[in-house]
Each structure stands twice: as C-alpha cells, then as structure tokens.
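Biologist: I am new to this one, so could you take me through it step by step? I will ask, and you can reason aloud.

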Amino acid sequence: MDGDGRAAPYDDGALLTIGAFARASRLSPKALRLYDELGLLPPAHVDPHSGYRHYAPAQLERARLVAWLRRLGMPLARIREVCELAPDAAALAVAAYWAQVEADTAARRDLAAFLVDQLERKNTAMTTPHTPLTMRYAALTDQGLVRPAHQDAAHAGPRLLAVADGYGPDGGQAAKAAIEALKGLEDQDLTSTDLLGALEEAAHRAHRAHRDHRAAPAAEETTGCTLTALLRSGTQLALLHVGDSRAYVLRDSGLFQITHDHSLVQSLIDEGRLTPEEAASHPQRAQLLRSLDGATEFAPDLQLLQARPGERYLLCTDGLTGVVPAETIQRVLTAADGPDQAVRELIRLAREAGAPDNVGCVVAEMTGA
C-alpha cells in the first residue's frame, strides 16, 4: 500500500479494468465503487483524467474474501475489520460472527413468533370474547449524573403511557408540551374511537403548536423531542413512535422491542455499514432522522397491538437503553412486584452505570379485571 492507503502502483499492462476485475472477483462494478468509497477495497490506480479505476491481480484474493463475507451477510463495517486481520485471527472473527448470527436468528425466531401471535390476535379480535383488562402503571424520570438540565418527560395514566426526550435549548419544554398535548386523551370516551387516528391527531397538534410557537434559533440549536406513546381502549393498544426512545413488551416468550429507532446510527446498522458495537460509541449516535421538531415534517410510526393479561410494557428514553443492557431490563421487568418497583429499579441501574443522560421510564402491567 502507498501513503494514501491505495495499492502500490503497477505497470499499466498488469492492471485490470473495473469491469474485468468485477468479473474475476464476482463483485459488481457498483459494489466495487462503494467499497472504494468506504476504503474497503481501493483500486490500485485511478486515472487522473478519466477517473477510471484499475485493479491489480493481487487484489483478487481480498476481493473474493469480501464477496464471500457478503454472501454470509456480514456487515461492511465488520468485513473491513476482518480483511485487516492475519488469517488465523480472521478465521476466529468469522467464527465469532457466525455464532452471533445464530444467536440473532434465534432472537428473530422469537420475534416471528411474536408477530404471528399478534396477527392471530387481530384475526380473532372480532369473534373471540376478550378477558376484560385493567392496567397498573408507573412513570419516573431522573436527571442523571451528568446533564446540566432535565429534558425527559414521562406520563402514565389509565389510558395513556408516554415518554419524550427533549433536545436543544428548550428541549425540556418541548418534551413536556408534547406529552401535555396527549393527556387530553385520558378524558375521552375511546370505546368506539379510532385509537390510532386519535393518537396521531393529538401528536400532530403538538407538532403544529411547536412549529407555530418556536423561536427561530440557529440551525445548530434546533429544539425538539422524541415521542413514544401507547393509548389503550379495552384490549387494544395504539402505538405512536418517532425518534430513538423505545417501547418494549414482555411476554411469556421474552422481551421484544416493538419500535425501531429513527437515528443515523440505526440507519447505518440497517445498511450494514456499522455494527451495533460500533454504534454504541459512534460520535453521531444522538443524531435523529425523525423527531417532533417544528423545522421538519412529522412522520411517526403507527401500529395497533392486542394486549393480554400478564404482559408488561416499557416505554423509555435512550438514557436507559444506552447504559442498561436488554437482558438486564428483561430481568427487572420479570422480577419486579409491580410497575412502581420496576421503574425505580431501572433508574437505579442507570444511575449505577453512570447515568450520562436524563432517564425516563414508564412501565405498565396488564391484568385481568
């Protein structure tokens, strides 16, 4: 390799065009251009006038390794790491990756079971009488040990559960205002209401109010918040989510995250450009792609769930999930006597782990009436 990280120069006659190299390596020219941009497989020479890429035959071994690892489904970020290792260490890294794949497959099997169960509940919702439910609930927030201001907000009531994580100069007020906009749903008769529609409209009102009344700060001082909420009527739960706060459900088969983070690092994980381990320390891990922000369109995720007795639901900000592992959260939710004990224990664990961020938690338990 030369000083800029590209392969050392070869005689022009020894180099392969990108098309020839693509055929030999079984990688498409499009993939080769992407791998060049990522520094994973830079060409041996780039023509300064035409920009044409040329590759050395000696690069075929690395290219074929990349192709095989992609066939395994390995993310690009991890492939880059493997390609820099000696053969023995690379073999161990591939074995470790495959062990993780098998563990993830088991987790996805559980998630598939959750989705099948959820869909079957919807299919029988109109024909099967449901056990009447009551809901025990608790909410708690904590400033943490590092942040100079408290910008998380949480609410738990007979019909509504919600958390919001504010950011920017007036983020705390944005989070409180978002939840206040939803609290009116507690007083409505929701028995014959479109739950998703009611929840979405209340959130849109919060967004419009934030947009209409916000100051005009500089771009780097944008104010807004995440918002994750559950609205209950009988056994139905409407879920609204935007940002990187999360909702989980604990059922007999395990703990499931039922929201998807709207963050830059999550998008990079989804694209295979970043591993979950790298995401935890990524310098832009707090950057959101969607939120309740007066400067952008409001595009929440919405879904309808069917609740059953014995289930426990957790809504929380990333001040909890950033420092407390999912297996620990599951243990606490399983062992706690009730929601109040659960939220107190979760925040205690966040503080024990350093609590670098504000923490907001809501826990609810469904019980037979």
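Biologist: How many helices and strands does the secondary structure of the protein chain come to?

Modeller: Happy to help! This is a predicted model, in which local features need pLDDT of at least 70 and side-chain atom pairs count only at pLDDT 80 or more, while totals for chains, interfaces and linings use all residues. Residues are numbered from 1 along each chain as its sequence is written, and side-chain values use heavy atoms, with hydrogens and water left out. Helices (H or I, at least four residues) and strands (E, at least two) are DSSP runs numbered from the N terminus, and the protein chain has twelve helices and 15 strands.

Biologist: What is the mean pLDDT of the protein chain?

Modeller: pLDDT is the predictor's confidence in each residue, from 0 to 100. Over residues 1-12 it is below 50, while 88% of the residues of the chain reach 70 or more. The mean for the protein chain is 86.

Biologist: What percentage of the 369 residues count as buried?

Modeller: A residue is buried under 20% relative accessible area, exposed over 50% and partly exposed in between (1.4 Å probe, protein chains only). Of the 369 residues in the protein chain, the buried part is 45%.

Biologist: Which residues of helix α4 are buried?

Modeller: Helix α4 spans residues 76-83 and is mostly covered. Six of its eight residues are buried. They are Leu-76, Ala-77, Arg-78, Ile-79, Val-82 and Cys-83.

Biologist: Which element gives the largest share of the largest nonpolar core?

Modeller: A nonpolar core is a set of buried Ala, Val, Leu, Ile, Met, Phe, Trp, Tyr and Cys residues joined through side-chain atoms within 4.5 Å. The largest one has 26 residues, and Leu-182, Leu-199, Cys-225, Leu-227, Leu-231 and Leu-292 touch the most other members. Two or more residues each come from β6 (160-167), α6 (171-183), α7 (195-213), β8 (227-233) and β9. The largest share, six residues, comes from α7.

Biologist: And how many residues are in the other core that lies apart from it?

Modeller: Among the members of that other core are Ala-22, Ala-67, Cys-83 and Tyr-97. Its count is 23 residues.

Biologist: Why is the aromatic pair of Phe-21 and Tyr-55 called stacked?

Modeller: Rings of Phe, Tyr and Trp (its six-membered ring) pair if their centres lie within 6.5 Å; planes under 30 degrees apart count as stacked, over 60 as edge-to-face and the rest as tilted. By this rule there is one aromatic pair. The ring centres of Phe-21 and Tyr-55 are 4.4 Å apart and their planes are at 10°, so the pair is stacked.

Biologist: How many residues apart are Phe-21 and Tyr-55?

Modeller: Phe-21 sits in helix α1 (residues 18-25) and Tyr-55 in strand β3 (residues 53-55). Phe-21 is buried at 0% relative accessibility, and Tyr-55 is buried at 0% too. The pair links distant parts of the chain, 34 residues apart.

Biologist: Which side chain has a polar contact with that of His-241?

Modeller: His-241 belongs to strand β9 (residues 236-242) and is buried at 1% relative accessibility. A polar contact is a pair of N or O atoms within 3.5 Å; within protein, one must be able to donate a hydrogen and the other to accept it, and residues adjacent in sequence count only if both atoms are side-chain atoms. At 2.9 Å, the partner of His-241 is Thr-228.

Biologist: Is Arg-26 buried or exposed?

Modeller: Arg-26 lies in the loop between α1 and α2 (29-37). Its phi is near 65°, a positive value in a residue other than glycine. With a relative accessible area of 77%, Arg-26 is exposed.

Biologist: Is Ala-355, with its positive phi, buried or exposed?

Modeller: Ala-355 has a phi of about 40° although it is not a glycine. Its place is in the loop between α12 (339-352) and β15 (359-368). With a relative accessible area of 0%, Ala-355 is buried.

Biologist: Leaving aside neighbours within four places in sequence, which residues are in contact with Leu-145?

Modeller: Leu-145 is in the loop between β4 (133-142) and β5 (152-156), and at 47% relative accessibility it counts as partly exposed. Its C-alpha atom is separated by 6.6 Å from that of Gly-354, 209 residues apart along the chain. Taking contact as heavy atoms within 4.5 Å, the residues that Leu-145 touches are Arg-351, Gly-354 and Ala-355.
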